[in-house]
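This report concerns cysteine residues and the strand surroundings of one of them. The structure is shown first, and the description follows.

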Amino acid sequence: MSIKKNLLRIKSTIPENVTLVAVSKTKPVADLMEAYDAGQRIFGENKIREMTEKWEQMPKDIQWHMIGHVQSNKVKFMAKYVNLIHGVDSLKLLAEINKQAQKHNRIIDCLLQIYIAEEESKFGLDEKELEEILHFIQNEKNGMQNTRIVGLMGMSTFTDNQNQIKKEFLHLKSIFDKIATKSTVEGSLKTKNCQFITLSMGMSGDYQLAIECGSTMVRIGSSIFGNR
């Protein structure tokens, strides 16, 4: 099946309020352009150099999402164009994103990555670390005005156990709801650089379950572009 047909099939299964990120890592520009010509405008990459090369070659109405683990010393290479960074897992990284965004007079949207899986290979914050970061960025004196926290991201355990995956997704959703309530109802987190609107969870194998559990953004690669 063609990339276009795959894309249209998947879009037909996703509600309008859920954003589709086409995960195009390792795929050639020709494949991305096939998806682009079929209407896709949001692409996710996990290597900054590869994403930058594609950004240079492709139409400028594309939104580029960095979905992989980010090293602080690589942020400068994407700061002038990246739209959303999914995997912010430390205050150090967030501060570097803010610093580089400031150089380009931009505000870069970020998701805080929460550790929900039962795998040591996954990155992410625990709930205490999440609270510490949110408390830090609330203080305008700390100068984090060039980043905007727009929600959370998480990756489930790589397993066929659907009950476990569902449990992890629901756990992340509960954390998201708790923070979102603070930012909207209580107002204690409602600042211009902290607006909880996005919950990114779910990939090719589990995106429908993730949507059932409350995901508003899914990251789908192999089901669109084929296996790597």
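## Strand 5: burial of both faces

The model is predicted. In strand 5, which spans residues 108-114, 7 of the 7 residues are buried. Ile108, Cys110, Leu112 and Ile114 point one way from the strand, whereas Asp109, Leu111 and Gln113 point the other way. Residues on both sides, including Asp109 and Gln113, are buried.

## Neighbouring strands

Strand 5 pairs with strand 4 (residues 84-88) in the parallel sense, over 3 bridges. Within this pairing, Ile85 stands opposite Cys110. Between strand 4 and strand 5 the chain passes through helix 4 (residues 91-103), and this β-α-β crossover is right-handed.

Strand 5 is also joined to strand 6 (residues 147-154); these two strands run parallel and share 7 bridges. Asp109 of strand 5 has Arg148 of strand 6 as its bridge partner.

## Cysteines

A search of the whole structure finds 0 disulfides. Cys110 is accordingly in no disulfide, and the nearest cysteine sulfur, that of Cys194, is 11 Å away. A disulfide requires two cysteine sulfur atoms within 2.5 Å, so a pair 11 Å apart does not qualify.

Cys110 has a relative accessible area of 0% and is therefore buried. Cys213 is likewise buried, with a relative accessible area of 5%. Both values fall under the 20% cut-off for burial.

Notes
Residues are numbered from 1 along each chain as its sequence is written. This is a predicted model: local features need pLDDT of at least 70, side-chain atom pairs count only at pLDDT 80 or more; totals for chains, interfaces and linings use all residues. Side-chain values use heavy atoms; hydrogens and water are left out. Buried means under 20% relative accessible area, exposed over 50%, partly exposed in between (1.4 Å probe, protein chains only). Helices (H or I, at least four residues) and strands (E, at least two) are DSSP runs, numbered from the N terminus. Two strands pair if DSSP finds at least two bridges between them. A crossover is right-handed if, with the strands pointing away from the viewer, the path from the first strand over the helix to the second runs clockwise.
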